[in-house]
Amino acid sequence: QVQLVESGGGLVQPGGSLRLSCTASGSVFSIKAMGWHRRAPGKQRELVAVITSGGGTNYADSVKGRFSISRDKAKNTVYLQMNSLKPEDTAVYYCYAASTRADWGQGTQVTVSS
């Protein structure tokens, strides 16, 4: 089992930036991919970005060119750099780790508002 701790959410104005962090512990050797989902009020959860153990990345169309996912293997940490934020990016962002199962973080709120 993998435990995930997220940080970095908050309130930001449209056009601003935030960086989310997610640190994994436990059975980190079994992780095949890590990434972020988000759930906006009244909407279904959606994939935002993912990075595989090989370094491959994938993004939702809605965030391509604005968000960037990266990792620090030594720290077992994945980052989501979010630039040019829009009000529609407002959501709870959840980190996940895919191994033999999917483990989830507790979620961090991102609010984009003036």
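Are D89 and R38 buried or exposed? D89 is buried, and R38 is buried as well. This report covers the salt bridges and the disulfide of a predicted model.

## Salt bridges of D89

Five salt bridges are present in the structure. In one of them, the side chain of D89 meets that of R38, with an N to O distance of 3.0 Å. This pair connects distant parts of the chain. D89 sits in the loop between strand 8 (77–82) and strand 9 (91–98), while R38 belongs to strand 4 (residues 33–39), and 51 residues separate the two.

D89 also forms a salt bridge with R66, where the N to O distance is 2.7 Å. R66 lies in the loop between strand 6 (57–59) and strand 7 (67–72) and D89 in the loop between strand 8 and strand 9, so this contact ties together parts of the chain that are 23 residues apart in sequence. R66 is buried, as is D89.

## The network

The two contacts of D89, with R38 and with R66, belong to a wider arrangement: a network of salt bridges links R38, E46, R66 and D89. Within this network, R38 and D89 are buried, and R66 is buried too.

## The K64–D61 pair

Another salt bridge joins the side chains of K64 and D61, at 3.1 Å from N to O. K64 has a relative accessibility of 47% and therefore counts as partly exposed. D61 counts as exposed because its relative accessibility is 64%, and the cut-off for exposed is over 50%.

## The disulfide

The model has one disulfide. It is formed by C22 and C95, whose sulfur atoms lie 2.0 Å apart. The angle about the S-S bond is -80°, and the link between C22 and C95 is left-handed. C22 is part of strand 3 (residues 18–26) and C95 is part of strand 9, so the disulfide ties together parts of the chain that are 73 residues apart in sequence.

How buried are the two cysteines? C22 has a relative accessible area of 0% and is therefore buried. C95 is likewise buried, because its relative accessible area is 0%.

## Links around strand 9

Strand 9 appears in the description of both kinds of link. C95 of the disulfide lies in strand 9, and D89 of the salt-bridge network lies in the loop between strand 8 and strand 9. From strand 9, the disulfide leads to C22 in strand 3. From the loop, one salt bridge of D89 leads to R38 in strand 4, and another leads to R66 in the loop between strand 6 and strand 7.

Technical notes
Residues numbered from 1 in each chain as written. Predicted model: local features only at pLDDT ≥ 70, side-chain atom pairs only at ≥ 80, totals over all residues. Heavy atoms only, no water. Salt bridge = Lys/Arg side-chain N within 4 Å of Asp/Glu carboxyl O. Helix = DSSP H or I, 4+ residues; strand = E, 2+ residues; numbered from the N terminus. Buried < 20%, exposed > 50% of the residue type's maximum accessible area, 1.4 Å probe, protein only. Disulfide = S-S within 2.5 Å.
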